Amino acid sequence: MFFSIVIPTYNRQPILAKCLLALESQRLTPESGIQGYEVVVVDDGSTDATIDWMTQQSDQLPHVRLVQQQHQGPAAARNLGVAHAKGDTIIFIDSDLVVTDRFLLAHARGLQQGYRDLGSDRLFTYGAVINTCNFEQPTSASYKVTDFSNAYFATGNVAIARHWLETAGLFDTEFQLYGWEDLELGVRLKKLGLRLIKCPDAVGYHWHPPFSLEEVPALIDREIQRGRMGVVFYRKHPTWNVRMMIQMTLLHRILWGLLSLGGLLNERTLAPLLSWLIRRGKSQLALEIARIFLNWYNVQGVYSAYADLRPHR
C-alpha cells in the first residue's frame, strides 16, 4: 500500500511544524507492506506564517507536498487533498496532531489484519487520539478517560482505502462551518458496510493550548457553529441517531438547561471560579466546568438553526 496522509490546516504553523516533522521520522520495515508515503498539506487560506515556513523548510520535509486554496473549510480542503493524493490508501489527521515514529506501521498492520479477518478491504482503521496541552513534548501525555471517543468516523486519525471515499462521495462541502463533516461522511460509509477497526497503537497526540478565559468567546462561537452544522447533518440524515449526536432532543434541552440553570451559569457568572481554577493550574477542570454553558450554547444553536429551516406562516 502507498499512504497519502491528507492534512488540512488553517493558521496553525507552530504545531503544524511538529506534526510534519514527526511524520518525516516514521520507522518503516520491509515486511510492513508500505511501498511509500506522502504528506499532502492543504492550506485553507492561512494568514499566519504557514506558507513561508513550509517553503523555507522544504529540504527537511521531503515527503510533504503543499496545496493551497482560499478559505473554504476542512471539508473542501480534505477533498482537494484527496484529489491531489497519489496513494491508494488515505490517512486523515488534523494539523495539530503529533504522531509517534510507528504511526504508519501501526495503521498498516491494522489494515492488513482487518483484510485477513474480513476477507475484504471494506473497513477502515481508527487510531487513538490523546489530548495534551504540552507543546514542548506532546507525545509525553498519558491516556485519560476524557480522551475516549465513540465516534464511528472521525478524521482526527483514520486510514481508509481511497476507492471507498470516492464511492461514498467524499466530504460534503455544505459543511463550511465547524463540525460534523466527517461524521456525516461516516453515515454514508456505514451504509456501504464498512467496518471500524480500532487501532490503538496508531496513536496521535492532539495538542491544544491550556484553557484560558480569553478563548471563551471563540469557544462559544464554535459551539454555535457546531449547532448550525448539526442541523445541516440532520437535514441530510433525519434519524434519531443523528438527533442524539447533535443534541437535538428534549433530553439534551432539559439536561443542559438544568445544569446551566437555564443559562444563569454562563461565561460571566462562572468567570471568577474559572479564573481561580486556572490560577491554581487546574485549567482542564476549568474547561470541563465551562462545558456546562458551552453545551447550552450548542443546544440553543441547534434549535435556533432548526427554527430557521421551518417555513414561516
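**Exercise 1. Place Asp182 in this predicted model and describe its surroundings.**

*Step 1.* Find the element. Asp182 is part of helix α6, which spans residues 181–191.

*Step 2.* List the contacts. Beyond neighbours within four places in sequence, Asp182 touches Phe153, Ala154, Thr155 and Phe171.

*Step 3.* Look for a polar partner. A polar atom of the Asp182 side chain lies 3.1 Å from the backbone nitrogen of Thr155.

*Step 4.* Test for a salt bridge. Asp182 is buried, and its nearest side chain of opposite charge is Arg78, 5.5 Å away. The cut-off for a salt bridge is 4 Å. Asp182 therefore has no salt bridge.

**Exercise 2. Work out the strand order of the open sheet and explain which sides lack a neighbour.**

*Step 1.* Trace the order. The eight strands run β3-β2-β1-β4-β7-β6-β8-β5, and their pairing is mixed.

*Step 2.* Go to the edges. β3 (64–69) and β5 (97–99) each have a single partner strand, so one side of each has no neighbour in the sheet.

*Step 3.* Add the twist. Ignoring direction, neighbouring strands are turned by 30° against each other on average.

**Exercise 3. Characterise the pairing of β4 with β7, then find what helix α1 packs on.**

*Step 1.* Take the pair. β4 (residues 89–93) and β7 (residues 157–161) run antiparallel and are joined by five bridges.

*Step 2.* Match residues. Ile91 sits opposite Ala159 in β7.

*Step 3.* Place the helix. Helix α1 (residues 13–23) packs on the sheet, and the strands it touches are β1, β2, β3, β4, β5 and β8.

*Step 4.* Give the angle. The direction of α1 makes about 25° with that of β5.

How values were computed:
Residues numbered from 1 in each chain as written. Predicted model: local features only at pLDDT ≥ 70, side-chain atom pairs only at ≥ 80, totals over all residues. Heavy atoms only, no water. Helix = DSSP H or I, 4+ residues; strand = E, 2+ residues; numbered from the N terminus. Buried < 20%, exposed > 50% of the residue type's maximum accessible area, 1.4 Å probe, protein only. Lys, Arg positive; Asp, Glu negative; His and termini not counted. Polar contact = N/O pair within 3.5 Å; in protein donor to acceptor, adjacent residues only side chain to side chain. Contact = heavy atoms within 4.5 Å. Pairing = 2+ DSSP bridges. Axes fitted to C-alpha atoms, helices over the stretch in contact; angles between N-to-C directions.
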